[in-house]
Amino acid sequence: MTLLTALIAIGVLALIFGAVLGFAAVRFKVESDPLVEQIDDILPQTQCGQCGYPGCRPYAEAIANGDDINKCPPGGESTIRKLADLMGVEATPLNEAQTESVKRVAYIREDECIGCTKCIQACPVDAIVGASKLMHTVLIDECTGCDLCVEPCPVDCIDMVPLATTPERWKWDLAAIPVKMVE
Amino acid sequence: MPGVFQQIQSGKVWDFHGGIHPPARKSQTNQKPIAVLPLPDRLYIPLRQHIGVAGQLIVRVGDRVLKGQALTNADNSMAVPVHAPTSGTVLSIEPHTSPHPSALPELTLVLAPDGLDEWRQREPLNFANCDKMALLNRIQDSGIAGMGGAGFPTHLKTGVVQPVDYLIINAVECEPYITADDLLMQEAATTIVKGIDILCHLLNPKAVLIGIEDDKPIAKAAMQAACSQREHYYVRAVPTKYPSGGEKQLIQLLTNKEVPNGRRPVDIGIVMQNVGTAFAIAQAVLDDHPLISRIVTVAGDTLTQPQNVLALLGTPVSAVLDACGFAPQRQQRVIMGGPMMGFTLPDLSVPIVKTTNCILAPTAEELPAATEEMDCIRCSACADACPASLLPQQLLWYSKAKDSDKLKQYNLADCIECGACAYVCPSEIPLVQYYRVAKADIREQQRETLKAEQAKARFEARNARLEQEKQQRLERNQQLAAARQQQQQQSGGNTAVAEALARIKAKQAQAETPAADAGEANKAQILAERELKKQQAREYQQQKAQAEAKPGNTDNQQDNVPAAAGDSKAAAVAAALARAKAKKAQQHTAAAPQPAGTTPDSDSSATTETTVTPDADPRKAAIAAAIARAKAKQQLTENATADSSGNSTDSEQPAPATAAAEPVTDTSADPRKAAIAAAIARAKARKQADSENS
Amino acid sequence: MSFKIASSPHQHNQRSTAQIMFMVALACLPGIAVQAVLFGYGVLVQLALAIVTAWCSEALVLKLRGKAVLVRLKDHSALLTAVLLAIAIPPYAPWWIIVIGTAFAIIMVKQLYGGLGNNLFNPAMAGYVLLLVSFPLQMTQWLPPLSLQSIELAPWDAVCAVFSQYSCSGFSLTQLQTSIDGVTMATPLDTLRTDLSRGLTLDESRQNPVFYGFAGAGWLWLNLAYLAGGLLLIQQKIISWRIPVAVLSSLFVLSAIAALATPDTIAGPLFHLFSGGTMLAAFFIATDPVSASTTNTGRLCYGALIGLLVFLIRNFGGYPDAYAFAILLANMAVPLIDYYTRPRTYGHRTRSELK
């Protein structure tokens with residue numbers, strides 16, 4: 001009899017708490033960005049496709065569906081760390097041997113450009129201007145450094161050049177200042 | 001309790017949190033008159049010497065310029081021009097080590113003085129009769145930017161529309177060693193007061209507060225004497241404490257007000273100008289003397305004659321130091337600015353600019369170099385010294401951890417980098433350096449975020465556009481296909497082109513079917529689009545080639561296709577050959593030696609390669625050769641395919657073809673044409689492959 | 001010749017961490033001298049043992065961690081920890097007590113947390129608490145002042161006693177602790193606690209000769225000596241006045257109120273201020289920069305918390321003296337105190353408006 005009372009009591013308690021929790025879950029539901037949006041915000045939006053998806057958003061969707069978080073070379077370690085925080089998984093190093101490199105932008109050697117428009121078609125962010133049979137050029141401010149225009153170029157006139165440091169963007173790396181030797 | 005203004009009038013001076021008392025060491029220079037430097041051999045004039053953007057260059061290399069002539073033109077409000085400090089010739093305009101902590105090269109105009117010191121035409125203004133716009137334009141055109149160190153364009157600070165209660169004249173040189181403003185006040189107090197008059201005319205303040213440190217009695221007396229006729233000018237002595245010359249600190253000292261976070265002093269009715277700026281304004285307005293020189297304190301124990309000098313802007317530091325008897329040590333530090341906030345120079349060709357107030361060449365005993373950094377013991381001496389009431393030891397912790405959220409929470413942005421924390425740190429931690437790096441990182445992050453947003457927007461816009469274009473193209477293609485089908489049915493033949501089109505349509509249809517995975521579908525669509533585009537390009541090329549091959553038969557290109565349909569390869573070869581002949585007839589020097597027994601296939605590739613011949617540049621030649629090789633390889637595989645599909649092709653053909661291609665690449669003329677030809681050739685090869693596969 | 005690149009500021013204050021640590025250790029000297037004179041030379045033996053142990057264990061761990069040994073030994077932080085622990089423990093405690101305590105303080109409490117500046121707890125006090133909990137008997141054998149001892153102790157006896165627990169002439173520590181009339185004597189705080197638990201009133205207990213003066217024989221002078229050293233440190237701006245003032249005033253106020261309310265069981269404020277290790281704790285241990293609060297308001301809170309805990313444990317807890325526990329507990333609260341006492345940054349209004 002005691003056993004029965006205990007079981008009933010615990011059962012009732014369980015029911016009550018379950019109901020309370022269920023109510024709380026519905027009533028106090030936290031409205032948050034859908035996961036894909038949050039992931040997409042973390043990704044660097046270079047749209048480079050190096051992850052194997054056509055653009056950042058598809059990759060965000062893939063992560064939300066359980067894909068690895070370490071497929072974004074432009075984002076580098078910091079992006080992986082943020083993704084790991086968000087997804088609650090271990091931060092894994094980049095899956096390729098690609099090290100986090102300096103920021104680069106595409107540069108078209110203009111005297112060699114034949115005006116084939118192939119790079120324009122490849123650029124995911126419309127950062128290359130030009131017309132058929134006319135010279136093309138890269139809008140440096142818009143270029144995300146995704147690399148996608150380099151391969152399609154039939155005459156290999158596109159280089160990825162490191163972005164020049166300006167005094168405004170200088171990172172206070174005093175050790176890197178070349179000191180002139182005198183005498 | 002009396003109001004703030006009454007308290008100010010009664011002579012009250014407040015205090016600010018923290019601060020330090022480093023040894024002032026001003027006696028090296030503050031008793032000597034200002035010396036005038038001899039004219040240097042070269043003047044290096046950076047085109048941008050202030051915060052903002054450089055003006056448009058309006059002189060060219062080789063021009064002769066007169067003293068005071070503008071070298072750049074301020075084409076927007078954030079720009080101020082630079083002027084020729086003396087008459088001479090523009091030698092070059094090129095990047096030169098900048099007077100910036102980074103020492104990164106910046107565009108600099110190199111002027112060779114001619115020694116005549118010939119002025120341009122000057123037009124002094126009578127400011128009392130001038131409207132404000134004319135005065136502001138004069139201030140901007142004279143190149144005046146804050147001379148206290150920040151270099152903010154003065155016309156922006158004086159052209160404010162908000163009402164101004166207090167104009168504060170900053171004569172507090174709180175950094176050790178520096179006496180440039182002190183000497184300026186001792187020697188030119190009346191001109192400074194005229195400058196203040198002009199500022200008052202522009203800003204109309206309730207009162208002018210002139211803050212001078214209490215260790216400069218001579219300067220204070222001089223200013224008091226010069227201001228004696230103006231009743232709302234108050235000269236105030238502030239206690240000697242670093243960094244009382246900071247803008248926010250001096251405001252707190254003189255008015256007991258704080259500039260709210262993220263706002264400017266003018267938002268609380270205060271405008272502050274450096275005493276040197278006031279002097280420059282007076283010169284610019286009353287004498288039409290643009291900002292072409294400034295007083296620089298040259299101090300340090302490695303100098304035999306430390307003193308203040310009047311240096312032309314652009315004078316290299318080496319010339320300044322040499323004039324003061326510079327005897328460098330082995331690991332010499334030369335500091336531009338004071339010992340607290342100045343930066344070391346990597347070489348002495350760096351010029352004096354508008355914001356340079358001091359050149360310091362100390363001995364190692366005088367200012368010992370920092371010893372090795374030890375661990376923070378959380379003594380919070382830094383927090384006690386911080387004039388912004390920050391917690392530097394916490395900021396250090398988060399800077400090391402690169403935790404930008406916490407850094408923002410602990411108000412890193414309010415750090416004025418005065419160096420008081422690093423000065424008192426018993427563990428000699430270069431705190432300010434950590435903060436600068438952290439700030440630069442945060443700025444970079446913000447920039448990246450902004451850029452990512454832009455990139456995303458552009459990507460989405462592009463996708464939308466492509467989608468739209470694709471729809472339009474689909475419609476058009478459907479119409480065309482219908483028309484073509486009709487035609488083909490009439491002619492009764494099935495062509496390679498039709499087949500290709502059918503294939504594309506099939507692919508398109510496949511892409512159109514709703515796939516389970518959205519990403520997959522998207523990818524497939526993009527692929528399909530590309531395929532379509534390529535196909536169209538090929539079609540176009542082929543048609544063009546045919547048109548060229550059979551001039552006069554351009555009216556019905558569709559008919560050519562059926563004609564070639566029996567052997568599509570032969571058709572392509574013929575087309576290529578014809579085109580090559582037509583285009584390169586005059587340059588076609590040496591035809592590729594064709595091995596015996598070649599099939600039309602190898603013939604075609606060899607001919608294709610010959611189109612590569614016109615080439616002057618060995619690099620181009622290499623590219624072309626590479627392309628040729630790639631094509632040959634491609635062909636090899638194609639041929640294999642062709643074999644299996646029962647086409648009689650010799651699979652060994654590509655090798656001689658390539659061999660044939662290589663020797664001819666050196667005789668050439670036009671690189672661009674070659675590249676085009678190579679591209680076209682490749683397209684054709686592909687087309688051929690396609691038709692073979694089909 | 002080349003130019004040297006350095007970051008600003010190029011000028012530095014000349015007082016280094018090593019100097020600060022050394023000055024604090026020096027300021028302990030009056031207290032050490034008084035202790036040596038009034039309680040015998042045991043403290044000097046303990047000091048020597050503690051310093052050697054501290055240096056050895058610090059060097060060992062630094063070596064294992066692959067850090068530069070000499071540079072860090074020279075910051076004198078290990079020296080200071082050793083000094084504070086040595087003067088806190090009973091002067092005739094067996095030699096292994098101080099060795100274990102110091103090694104634990106340096107290795108476990110300081111270095112395992114990341115070395116100087118990273119330890120959450122005050123190493124000396126953590127070591128003290130470890131000893132107090134593990135070896136309660138040895139840690140409560142404070143000999144009475146020499147003036148009250150029945151047996152004369154020669155200076156050489158200090159060494160014998162520390163290493164063998166017997167004086168050179170063969171008396172055991174228990175014998176040394178016994179007064180002329182055969183009663184075992186303890187510290188005033190200890191005696192008071194025992195008497196009160198036996199049902200005696202405060203006044204009755206104070207008949208005991210250990211309560212010579214208002215704070216206990218010898219202890220008054222000891223505390224005055226530490227007070228002098230502490231004031232010197234404040235004058236030299238090596239420690240902030242806020243922590244000692246907060247500790248002492250909170251202890252004073254609380255014990256004053258309690259003594260007025262229950263005069264029979266709780267001793268007055270002066271007794272609390274000048275007995276036990278109050279001054280040592282307030283000026284030398286609570287002010288350890290690493291484990292103390294770093295904001296000005298926070299320091300006041302931190303000091304007041306220590307005063308409160310000392311008062312509570314001494315009067316209602318299970319230990320006669322309490323500063324070690326009080327400081328460790330307050331150490332734990334430091335991150336929280338620091339977080340909630342952040343000063344208002346220039347140009348910002350208040351913390352609540354920051355959010």
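Helices (H or I, at least four residues) and strands (E, at least two) are DSSP runs, numbered from the N terminus. This is a predicted model, in which local features need pLDDT of at least 70, side-chain atom pairs count only at pLDDT 80 or more, and totals for chains, interfaces and linings use all residues. Residues are numbered from 1 along each chain as its sequence is written, chains are lettered from A and ligands numbered from 1 in the order in which they are written, and side-chain values use heavy atoms, with hydrogens and water left out.

The unreviewed UniProt entry annotates transmembrane regions in chain C, among them residues 120-139 and 266-287. UniProt positions follow the numbering used here, feature names are shortened, and annotations may be inferred rather than shown by experiment.

| Span of chain C | Helix | Strand | Distance between end C-alpha atoms |
|---|---|---|---|
| residues 120-139 | 80% | 0% | 24 Å |
| residues 266-287 | 64% | 0% | 27 Å |

Helix α17 (residues 296-316) of chain C has 21 residues and should span 30 Å (1.5 Å times one less than its number of residues); its end C-alpha atoms are 30 Å apart, which agrees. Its buried residues (under 20% relative accessible area, 1.4 Å probe, protein chains only) include R299(C), Y302(C), F311(C) and R314(C). Among the elements that cover the buried residues of α17(C) are α9 (381-385) of chain B and α18 (323-340) of chain C.

The same unreviewed entry marks T187(C) as "modified residue: FMN phosphoryl threonine". T187(C) sits in the loop between α10 (173-177) and α11 (188-197) of chain C. T187(C) has a relative accessible area of 11%, so it is buried. Beyond its neighbours within four places in sequence, T187(C) is in contact (heavy atoms within 4.5 Å) with W142(C) and W219(C).

Notes
Buried < 20%, exposed > 50% of the residue type's maximum accessible area, 1.4 Å probe, protein only.
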